Amino acid sequence: MTSIADSSVSIQTTSRSVPSPPCWLGEVTLIVHHLRRQGVLDAICERVRFARRRCGRYEVIDFVAVLFGYAISSERTLEAFYECLHPFAAGFMALFGREQLPARSTLSRFLASLTQTAVEALRALFLEDGLSRPLGKERQTGGLVDRAGRERVVFDIDGTREAARQRALPKTPELPAPQRRLGEVCAPGYTGRKRGEVVRTRTTISQAHTSQWLGSFANPGNGKFREELRRAVAAIQLYSKAHDLPEEQVLLRLDGQYGTGAVLADLAGFSSVMRGKDYTVLDRTEVQSRLHLPPDQQFSRPESDLVRALYDCPDVPVGPTGQRCRVVVATHPASEKKSRVGLTRSGLVYELFFTNLPQGAFTAADVVALYLHRGAFEPVLADEDQEQDPDRWCSHAPCGQEAWQIISQWVWNLRLELGHHLEPTPMRTTEFAPAPEAKEQQAPSSGYGPPTLAAPWKAGRLSGRDFVLQPDGTLRCPANQALSATEQRREADGSLRLVYAARLSQCRPCPLREQCQWHGRTTTKPRRVSLLLHPLPVGSAPLLWRDWSRRQHRRACMGLLRHQRVEVTLPQTTPPEPHNSVGILSRARRAHYRLAWEERLARNARAPTTDRPAIKLFGVPEIFATFLGLPTA
């Protein structure tokens with residue numbers, strides 16, 4: 001030891017190496033202890049079974065332990081994680097009741113050979129664990145309260161993708177065919193804003209009010225979005241069953257890639273909001289007729305100058321099978337720059353929104369606002385990328401990569417759960433949309449109902465109902481003549497009256513003039529018909545959004561021990577005892593039969609007589625320690 005003394009400080013150095021515990025070891029200790037106390041680790045040992053050669057004495061629980069530690073640590077690479085963990089490997093594995101830490105190469109072989117059966121068993125355990133315990137003391141899920149006072153729980157289903165760079169390889173006859181390491185997990189596809197030649201798409205399911213993950217399903221390239229959607233709906237059905245949610249209280253928000261009529265049949269009767277991409281709907285007669293009438297509402301957002309005109313079309317058949325849904329058409333003038341979404345026709349950009357939400361509970365503006373509120377899901381994905389980055393390549397095999405992503409979402413949910421117990425906060429309520437206001441001589445804030453024409457005014461005469469609204473916005477009379485809109489006026493109750501008139505030159509020679517006009521042939525004016533747009537009756541309550549902060553509780557759990565002292569005391573290592581060949585062998589052991597599952601788990605299990613490592617955590621509140629069942633000093 002050497003020392004240097006000056007007037008302000010004394011500095012000493014020594015050649016003895018004393019590694020400091022990594023900053024994430026305290027959080028690993030709390031989370032793993034919580035998992036063991038809930039019986040999750042035992043369930044993994046019993047239900048996630050996979051036997052593979054070249055994995056030594058290790059079993060699934062040994063590799064799951066490494067993945068849990070890697071996800072919690074936020075280290076950029078497995079190499080950096082192993083480097084920090086190596087001096088404390090014995091204490092880390094003892095948290096899981098195991099003896100030795102698998103090498104990185106063994107972990108790689110395990111992930112490369114993992115089967116889909118084992119992954120599905122792990123996925124089922126992840127979902128069961130998330131549904132078995134509420135976030136707080138009260139079993140609250142948050143929700144969206146509509147204008148009729150009914151509460152719904154919103155789930156976001158969206159895809160995220162990871163692109164991979166692949167350098168060009170020479171292709172000459174004398175060279176063998178190239179073998180790409182990511183050939184099984186990636187394929188050519190849409191890369192979005194990410195650089196790369198191949199991509200892997202992952203569909204994620206999130207509970208929008210608690211920010212909990214319910215699942216993750218990935219496939220090469222652009223993925224199999226219909227198959228992944230059906231699996232996501234199955235996971236949401238389990239959630240609704242666990243929380244006693246009726247089918248009508250579940251609301252799904254989906255990305256635009258799902259906006260077809262065929263997808264509507266896969267939603268198991270749940271309510272949904274999605275952006276439509278089947279623009280053939282615009283050519284339907286009922287939609288064209290509505291587009292030539294005044295819009296229901298104007299929609300704008302404070303952060304944008306864009307003003308959309310909204311047209312509400314209820315009960316429109318969509319897709320080849322004619323799935324009926326409510327279609328909201330949003331239009332705005334096209335700019336010089338090509339619009340990223342929508343279809344441009346005659347200087348207007350058309351956007352479609354498909355939903356089956358009732359008009360009496362959600363106006364057209366509510367539907368569009370609810371879909372655009374999906375933008376709040378993007379920060380959740382950004383936080384996931386920043387804290388855990390589950391899309392990074394942990395394995396070059398599909399099942400191994402999926403196992404890693406399941407563990408990453410598991411850690412996210414555990415942090416949320418522990419954060420709610422560490423810093424319990426009441427559920428917050430936000431006014432998502434204000435209550436509709438009724439003002440005289442102004443357009444109703446709720447939009448309009450279906451257009452109505454005048455009832456018969458005299459027996460044997462033609463009424464307004466005999467005039468049919470056409471796709472071009474005109475009315476067609478029984479004599480096959482067109483009536484054009486000539487006047488609009490606002491009624492006292494907020495209704496909008498459109499007055500249509502024919503040409504006098506068409507009415508004079510008409511053979512139906514006696515039945516059509518009041519004074520028959522002596523009438524000096526053409527026939528006029530009024531079309532009324534009555535205000536749409538909707539609930540008088542505002543839309544209310546109930547949720548919790550997506551970051552506060554999770555970051556509270558992450559930051560609790562990151563800057564606190566952690567003392568790790570490891571037992572003295574003793575040299576292994578020499579192998580004693582004296583003993584009675586069973587016939588099964590002598591014949592090298594396959595080991596039973598209990599025997600396989602026992603090979604790397606930590607013996608109860610072994611000296612236990614000691615980990616002392618500083619900065620843990622007593623109430624939180626009591627909840628976890630940890631003794632306090």
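This is a short talk on the cores, one helix, one sheet and the cavities of a predicted model.

Some ground rules. The model is predicted, with local features needing pLDDT of at least 70 and side-chain atom pairs counting only at pLDDT 80 or more, while totals for chains, interfaces and linings use all residues. Numbering starts from 1 along each chain as its sequence is written, and side-chain values use heavy atoms, with hydrogens and water left out.

I start with the cores. A nonpolar core here is a set of buried Ala, Val, Leu, Ile, Met, Phe, Trp, Tyr and Cys residues joined through side-chain atoms within 4.5 Å. Buried means under 20% relative accessible area, exposed over 50%, and partly exposed in between, with a 1.4 Å probe and protein chains only. The largest nonpolar core has 72 residues, and Phe-68, Phe-81, Phe-92 and Trp-410 have the most contacts inside it. Helix H13, residues 398-422, gives the most to this core, namely 12 residues. Helices are DSSP runs of H or I with at least four residues, strands are E runs of at least two, and both are numbered from the N terminus. A second, separate core has 39 residues, including Leu-252, Tyr-258, Val-263 and Tyr-311.

What does Trp-410 touch? Leaving out residues up to four places away in sequence, its contacts are Leu-35, Val-40, Ile-44, Phe-68, Leu-122, Leu-125, Phe-126 and Asp-129. Contact means heavy atoms within 4.5 Å.

Helix H6, residues 104-113, has Thr-106, Leu-107, Phe-110, Leu-111 and Ser-113 as its buried residues. These pack against helix H3 (60-73), helix H4 (78-85) and H13.

One charged residue deserves a mention. Is Glu-384, in helix H12 (residues 377-387), buried or exposed? Glu-384 counts as buried because its relative accessibility is 0%. With the same sequence neighbours left out, up to four places away, Glu-384 touches Arg-202, Trp-213, Asp-389, Pro-390, Gln-409 and Trp-412.

Next, the sheet. It is open, with six strands in the order S15-S20-S19-S18-S17-S16 and antiparallel pairing. Two strands pair if DSSP finds at least two bridges between them. The edge strands, each pairing on one side only, are S15 and S16 (468-469). At one edge, S15 (residues 452-453) is joined to S20 (residues 528-533) by two bridges, and Thr-452 stands opposite Leu-532. S20 is also joined to S19 (residues 496-501), here by six bridges, with Ala-501 opposite Arg-528. At the other edge, two bridges pair S16 with S17 (residues 475-476), and Val-468 stands opposite Arg-476.

Last, the cavities. On a 1 Å grid over the protein atoms alone, a cavity is a set of points where a 1.4 Å probe fits but cannot get out, and lining residues have an atom within 4 Å of a point. Grid points are joined across faces, edges and corners, and a volume is the space filled by probe spheres set on the points. There are seven cavities of 30 Å³ or more.

The largest holds about 140 Å³. Its lining has 16 residues, with Cys-477, Cys-507, Cys-510, Cys-516 and Arg-527 nearest the centre. Helices H14 (504-507) and H15 (513-516) each supply at least two residues of that lining.

The second largest cavity has a volume of about 80 Å³. Its lining includes Gly-130, Arg-133, Tyr-239 and His-243.

Terms used: On a 1 Å grid over the protein atoms alone, a cavity is a set of points where a 1.4 Å probe fits but cannot get out, and a pocket is an open set with protein on both sides within 12 Å along at least five of seven lines; lining residues have an atom within 4 Å of a point.
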